[in-house]
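Thanks, everyone, for making the time this morning. I would like to walk through one model with you, going from single residues to helices and then to the whole chain.

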Amino acid sequence: MNGIFLINKEANWTSFDICAKVKRLFNTKKVGHSGTLDPFAEGLMIVCLGQATKIIPFLEHYNKTYLATIKLGEETNTLDNTGNIIDKKDVLNYSLEEIKNVLNSFLGKSQQIPPMFSALKHDGVPLYSLAREGIEIERKPRDIEIFSIELIEYNKPFLTFKCKVSKGTYIRTLAKDIAIKLSTVGHLVKLIRTNIDKFDLNMAKKVNELTINDSISIVEMLTLPTLIVDKEIEKKIRNGNKLSLQGKNMLLLINEKNEALAIYEKKEDGYYYSKRGLFDANNNV
């Protein structure tokens, strides 16, 4: 089966749990997801089946929006509510204007060091596995961008904010840095991913509620410029031939039935070459 599902992940499910459930639900082996959510986190996940798994690298660059709540005054080793408290500090009496100014100071491009409790790997081993053994590895800063950040509510010591961020941004680390700028410590107690690019959490279903009718197509999911090709060019695409086309440097080529065929990229010689075939090999022209 080929398809893409927008899933509303509930707390205490891992991303692996979600994929395993989808495998069983649709009796398929090839399943993958874009954008891991921590077990305590909730919200929007994109899960791809079959040929659709080939577009996952293109989805990972989508911007994401989160609703997050920090508990100020306590820091945990995981930077969320699943860890052990390792530090405590007083929480000052901030005005809403002071909090807003601190949040706004994070707008724009910056660098962020990923937390030890993350799925990043060192010599093939997830950092969180090393962290649980008390081992800390030096991590390189990553370029990130925060496009928007706004205060939703402050009820001491809980601070809730909403932010739209680039790929690779860790909200747990952002929460820690916000607390530091407020002269205290803090950790996340709630995290909800509300958007991935143009896709909203309101469009998603819980994994136990999914049906085949909830599947969306590759064409709907990708935001690349599209070009409809005729049957003659479709045959060339299926053979992996280079093409002479007009358009943007990267194109999603679709047939007259609105089926995704391939992603083609323009090279220096002016021709377009297949970057990712998306057609089903068993579906002949």
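Before anything else, a word on contact: when I say that two residues touch, I mean that heavy atoms of the two lie within 4.5 Å. Please also keep in mind that what you see is a predicted model.

With that cut-off in hand, let me start at I56, which sits in helix α2, residues 56–59. If we leave aside residues up to four places away in sequence, I56 touches G32, H33, S34 and C48. Is I56 buried or exposed? Its relative accessibility is 11%, and because buried means under 20%, I56 counts as buried. As for a position far along the chain, L222 is 166 residues away from I56 in sequence, and the C-alpha atoms of the two are separated by 9.9 Å.

A second residue to set beside that one is D38, which lies in the loop between β2 and β3. D38 is partly exposed, with a relative accessible area of 24%, and, again not counting residues up to four places away in sequence, it touches K9, W13 and R172. The C-alpha atoms of D38 and S274, which are 236 residues apart along the chain, are separated by 35 Å.

Now to the helices, beginning with α1. This helix runs over residues 15–26, twelve residues in all, and from its first C-alpha to its last it reaches 17 Å, close to the 16 Å expected at 1.5 Å a residue. Which residues of α1 are buried? They are S15, I18, C19, V22 and F26. Looking down the axis of α1, we find these buried residues within an arc of 95 degrees, so they line one face of the helix. As a general reminder, an α-helix has 3.6 residues a turn, so residues three or four places apart point the same way. On the other side of α1, F16 and R24 are exposed, while the cover over the buried residues includes the strands β1 (3–9), β2 (31–34) and β3 (42–49).

Helix α3, residues 96–104, can be read in a similar manner. Its buried residues are I99, V102 and L103. They cover an arc of only 100 degrees around the axis, which puts them on the same side of α3. Among the elements that cover them are β10, β11 and α5.

That brings us to α5 itself, residues 171–181, where the buried residues are I171, R172, T173, L174, A175, I178 and A179. You will recognise R172 as one of the residues that D38 touches. What covers the buried residues of α5 includes two elements already mentioned, α3 and β10 (142–155), together with others such as β4 (64–72), β7 (108–112), β11 (158–165) and β12 (186–196).

Next, some backbone geometry, for which a general expectation is useful: most residues other than glycine have a negative phi, and most peptide bonds are trans. Where does the model show a positive phi next to the helices we have discussed? α1 is followed by N27, whose phi is near 50 degrees, and just after α5, S183 takes a positive phi of about 65 degrees. N27 lies in the loop between α1 and β2 and is exposed, with a relative accessible area of 71%. D197, in the loop between β12 and β13 (199–200), also has a positive phi, near 55 degrees, and D197 is partly exposed, at 34% relative accessible area. There is, in addition, a cis peptide bond between K156 and P157, with omega at about 5 degrees, and P157 is found in the loop between β10 and β11.

Finally, the protein as a whole. It has seven helices and 17 strands, and along its principal axes the C-alpha trace spans about 70 × 40 × 40 Å. Of its 285 residues, 45% count as buried, and of the contacts between residues at least 6 apart in sequence, 67% join residues at least 24 apart. The accessible surface comes to about 15200 Å², with 46% of that belonging to carbon and sulfur atoms. On the charged side chains, there are 41 positive and 35 negative, and the centres of the two sets lie 4 Å apart.

Key. Residues are numbered from 1 along each chain as its sequence is written. This is a predicted model: local features need pLDDT of at least 70, side-chain atom pairs count only at pLDDT 80 or more; totals for chains, interfaces and linings use all residues. Side-chain values use heavy atoms; hydrogens and water are left out. Helices (H or I, at least four residues) and strands (E, at least two) are DSSP runs, numbered from the N terminus. The expected span of a helix is 1.5 Å times one less than its number of residues. Buried means under 20% relative accessible area, exposed over 50%, partly exposed in between (1.4 Å probe, protein chains only). The arc is that of the directions from the helix axis to the C-beta atoms. Accessible areas come from the Shrake-Rupley method with a 1.4 Å probe; for residues, only the protein chains shown count as cover. Lys and Arg count as positive and Asp and Glu as negative; His and the chain ends are not counted. The place of a charge is taken as NZ of Lys, CZ of Arg, CG of Asp or CD of Glu.
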